[in-house]
Amino acid sequence: MASKTSPSGDGALWLIREDLRLHDNQPLLAACTQTSHVLPLYIMSPSTCSIGENRLRFLFEALRDLHTSLCVLGSRVHIAYGDQFETLRSVWRGLGVKRICLQRSCDPTLVRQEEELRKLASLDGVVVQTYQGLELYDQRLLIKLCDHEVPIAFNSFLRLVDRAGEPPEPLAPPRALPPPPDLTPLAQAQIYSGVPASFAAFRALLRGPTAVDNPHDSGRRHPGQADCAGPRNDSSAGGSARRLIGGESEGLKRLAHQLQNATWISKFSKPHTNPMVVPSEGIDGSTTLLSPYIAWGCLSPRFMHWKIREVLQKLPPSVTPTGPPQSLLSQLLWRDFFHLVGSSTPYFERMQDNPLCLQVPWRSSAEMLHKWATGATGVPVVDAAMRQLRCTGWLHHILRHVVACFLTRGALWCHWEDGRAVFEALLLDADWAINNGATALET
Ligand SMILES: Cc1cc2nc3c(=O)[nH]c(=O)nc-3n(C[C@H](O)[C@H](O)[C@H](O)COP(=O)(O)OP(=O)(O)OC[C@H]3O[C@@H](n4cnc5c(N)ncnc54)[C@H](O)[C@@H]3O)c2cc1C
């Protein structure tokens, strides 16, 4: 059994980013092989504070859930606050970490981080190992398969994945983890061995390294409503109204519940779904409501794909399930589609220089944008949708279309980039590629 106190010099680090789960997690499994210690580390940067209240709470719950699961396996989540690179450097120098394992992302900020990290780590002889697991398909393989001619229409994308065959089967979670190293050599680094017990303490952690000195403390200072602000310090979001609880356990539970209804799965047909069903009305929606779990990596899309496949395979021959692009399986393909197009299109997150984007002379008005974002336009369906979004962090697909269209070409003629920024702060499932792609599509 490896010692828990002395760094052996062969330690590994699982850098948790968009993969807050144990199942189907290759970086985690890779980190656990041939090593005496594994440090599961989530780094909170000052920019983490700028995400909306509901998103932050979802993240906190997901981290707590992961921590609880890791404790059962002999490990724990560690949270660092501060600059990503400085933190990692002090970890590998202080604890003898030789390998860093992480999931590849299509989000350009994370892609840049990965490249920087690789360079920095190599200077100290540390190896950065990256793995694919956030999408159904390995994006690099798809790009090779289409000879770098990435399809920009969903039908062509479907033909491409047809050629790729079924996505890989999900990986089982680890049965045990090597222990985390002793953090004593890192006295100066702000790393917390565990997850704060309360959301208040978690928020305090984000305000600065001195705010919380004991992660198990319930918090020295409880934030008031002003601390629970949305993207522009607007506290009208009402943090207490959240309904979707973050975490792998909850995501798997919701999926398992929905899989019991084989008829619903087989007949799933989007957009023919009901936008009036909101999370507060219970676990069943007219769609799965699993997007926040998938976006934070609490639920693996490959796991979900294969579970749905199992249900469909058991249907009697007389039942013909819906097919693409409406079926439930193809909703996950839409996600892969946006990730592929987003990561291979220059300036995908903006109109200027984006080759796929119509160049529109928007007349953005700060006042109209504010009214839209706070649900005060005077148009009932738009206001109700935006208030639901602020309240719960989730919105049905059709309502996302309604509000995005209203903001842009439909009525207000505001820039889609402004709408994207509001969605990014408020949506529990905010996803760089889908959010940019779907919002820009409204134009
Ligand atoms: C303006 C606009 C912005 C959007 N921003 C996001 C975003 O930031 N993050 C996000 O995950 N989705 C986004 N979507 C896509 C879609 O609305 C949501 O994924 C879906 O409504 C989530 O609900 P669900 O989990 O019940 O989906 P279900 O219909 O149950 O689908 C299952 C899963 O498939 C994926 N999915 C479903 N529809 C889409 C789609 N059209 N494109 C890509 N993936 C899809 C999601 O991961 C979803 O959880 C956006 C759509 C619009 C119109």
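**View A. The shell around the ligand.** In this predicted model, 28 residues surround the ligand, each with its C-beta atom, placed from the backbone, within 6 Å of the ligand. The closest are Thr287, Thr288, Ser291, Gln331 and Asn435. Two or more shell residues come from each of α10 (291–295), α12 (328–344), α15 (397–410) and α17 (432–441); helices are DSSP runs of H or I with at least four residues, numbered from the N terminus. Helix α12 gives the largest share, 5 residues. By class, the shell has 13 nonpolar, 10 polar and 5 charged residues. Here Ala, Val, Leu, Ile, Met, Phe, Trp, Tyr, Cys and Pro count as nonpolar, Asp, Glu, Lys and Arg as charged, and the others, Gly among them, as polar.

**View B. Helices α6 and α12.** The axes of α6 (residues 154–164) and α12 come within 10 Å and cross at roughly 100°; axes are lines fitted to C-alpha atoms over the stretch in contact, and angles run from 0 to 180 degrees between N-to-C directions. The two helices are therefore roughly perpendicular (65 to 115 degrees). Phe154, Phe157, Leu158 and Val161 of α6 make the contact with Leu333, Trp334 and Phe337 of α12 (C-beta atoms, placed from the backbone, within 7 Å). The contact has 7 nonpolar, no polar and no charged residues.

**View C. Leu312 in helix α11.** Leu312 lies in α11 (residues 301–313). Leu312 counts as partly exposed because it has 16 C-beta neighbours inside 10 Å, between the limits of 12 or fewer for exposed and 20 or more for buried. Its C-alpha atom is separated by 6.6 Å from that of Ser266, 46 residues apart along the chain.

Residues are numbered from 1 along each chain as its sequence is written. In this predicted model, local features need pLDDT of at least 70 and side-chain atom pairs count only at pLDDT 80 or more, while totals for chains, interfaces and linings use all residues.

How values were computed
Parallel < 35°, antiparallel > 145°, perpendicular 65-115°, else oblique. Contact = placed C-beta atoms within 7 Å.
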